[in-house]
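I opened my notebook to look at a protein with a ligand. Here is what I looked up, in the order I went.

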Amino acid sequence: MGLLKGKVSVILLVFSLLVVLCASLSVSKEDQQLRLCKEHCRQQRQLDSRQRHQCETACEEYIREKERREQRDEPQSRHDPGKEYRECRQRCQEEKEGKRQEQVCESECEQRKIEQEREIRRRRDEDDEIVGRKKERSEDEEEEEEESSGKGRPYVFDDQHWSTKLKAEEGRVRVLQKFTKRSKLFKGIENFRVLIFEANPQTFVVPNHWDADVVLFVAQGKGTVSLVYTDRRESFNIERGHVMVIPAGVTAYLINRGNNDKLILVKLINPVSNIGKFESFFGPGGDNPESYFNAFSSDILQAAFKTSEDSLKRIFSQQREGAIIKASEEQIRALTHEKGSHWPFGGKGSRGSGPFHLLRQNPRESNDFGSLFEVDSNDYRQLRDLNVAVAFANITQGSMHTPYYNSRATKIAVVLNGKGYFEMACPHVSKSGHKQQHHHHHNEKSRRGEEETSPVHYEKINSELREGSVFVVPPAHPFVTVASEDENLEVICFEINAENNHKFPLAGQRNILKNIEKEAKELAFATSAEEVDEVFRSQEEEFFFKGPRQQEHRRGYSII
Ligand SMILES: *[C@@H]1O[C@H](CO)[C@@H](O)[C@H](O)[C@H]1NC(C)=O
């Protein structure tokens, strides 16, 4: 019995040593790992000589097993699925016997790639398990998707790209995957995340603070937010259309004071320390939400609060209902405040930290076909540090906004209501093999040793949009959004890097192409300026237009 127990503890020791070793020396060679492992065995004072010997033997066994595994896996792990996929597609094109067969061939290539990647991932997981650390792989290490288009990839996100961060009886919190997990193209907005918060009527959200700045938009419902500082508390009533900033580290709590509607908040999150990662910290709480006080030793807490262990236990263990909990009518009434919610005219004494009612402003653009509301740091200085602007577009059913581009801002758009679609011109992604097909001359050039460059090609990114879809429009990329025939399309947009950003319309009355000189037009289009003007001057509306299905076509044909 004693021996068995000894052996088990030695093996446990070896494994824990190896976890440390692997974490610190994952690049080093096996023999170095073996040497260090044995050294650690020798350093363990509590082991007698026999146990020490067992420990060293266990080190040897482990390393030998590891080498065996690596030899077995080596041939496969050299496979580069990405490379093989490109070669496979190349073969499809060379052997092309009609468009249809080419597509079938390419989808087989894709299938094979997916299988290979899955296999590699599985092996990696096994490796993690054998050293007893089924480590949570960090998001950064996850493979990025191939940058090919199709279904709006990688710019459009839907259900599968959300995960539930918190689920409680009375509400839930969903987070969109990290942008750079989807594609390297999002490096510039890597530090931003998008979250949707929902709470049932008459509920309370337990006070907590975040290691991130938050810009929130109230998409539905009515609530009251309270922010707690060392010298004061500020409470604000919020309702649909409000934009509000909650700075990092400020403890906040919230009620849904509605009787029937859910409170829905769409949040843009900007972590302050860990790129693209954030956490909430609950102080008040107990078991669920777990209070951060519970991480401290009891004697520390007793000393800090100058109180007994019993009373501490009583207060930090009662809460088990979760972060979003039902409140009584009286509690809701008591937590509802009118004070400080009159921004922009009131709230001055409150240092302007109150919410901003986006939908009560004059729209920046508005006609029968839609309206656009916008707030930037000039109107709401809370947004200045974040360099973010917020816009709300309400596109009338069957209508569209002008094709336009943002000069500097990256737009993250979340569809709140309705259906429609989106198109964008993008030079960064290509359909399978698209570029190669177009430039047969490149072989010749590279043979002469010149650098291979191909003329820019803009791929059409397009996707259906519906409630909950998110799409990202990088700066300079022309795009358009169209509402479906039977519903308005309501979209909330966070614009990152908003300072000095301009929206440049490419159609309609303020179309920038109208300002080009006659000669420049003729040279650029290689046709007469009159012909060009006929095209660029005929749209008499600004910004929002009738959509493709509603235009009467003067030349008598129609587009289906
Ligand atoms: C969007 O516009 C429609 C009218 O076209 C209006 O009924 C609706 O309330 C607007 N949505 C918002 C959120 O203002």
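**Ligand site**

I began with the shell: Arg-240, Phe-392, Asn-394, Asn-488 and Glu-490 surround the ligand, where a residue counts as near if one of its heavy atoms lies within 4 Å. Sorted by class, I get 1 nonpolar, 2 polar and 2 charged residues in this shell. In that scheme Ala, Val, Leu, Ile, Met, Phe, Trp, Tyr, Cys and Pro are nonpolar, Asp, Glu, Lys and Arg are charged, and the others, Gly among them, are polar.

A note on the source: this is a predicted model, with local features needing pLDDT of at least 70 and side-chain atom pairs pLDDT 80 or more, while totals for chains, interfaces and linings use all residues. Residues are numbered from 1 along each chain as its sequence is written, and side-chain values use heavy atoms, leaving out hydrogens and water.

Next I checked polar contacts (pairs of N or O atoms within 3.5 Å). A side-chain N or O atom of Asn-394 sits 2.3 Å from a ligand oxygen. For Asn-488, the side chain places an N or O atom 3.1 Å from an oxygen of the ligand. Glu-490 has a polar side-chain atom 2.8 Å from a ligand nitrogen. The ligand alone exposes 360 Å², and the protein buries 52% of that (Shrake-Rupley method, 1.4 Å probe).

**Whole chain**

I then zoomed out and found 13 helices and 27 strands in the protein chain, taken as DSSP runs (H or I, at least four residues; E, at least two). Of its 560 residues, 45% are buried, meaning under 20% relative accessible area. The accessible surface of the chain is about 31,600 Å², with 48% belonging to carbon and sulfur atoms.

Note on methods:
A polar contact is a pair of N or O atoms within 3.5 Å; within protein, one must be able to donate a hydrogen and the other to accept it, and residues adjacent in sequence count only if both atoms are side-chain atoms. Buried means under 20% relative accessible area, exposed over 50%, partly exposed in between (1.4 Å probe, protein chains only).
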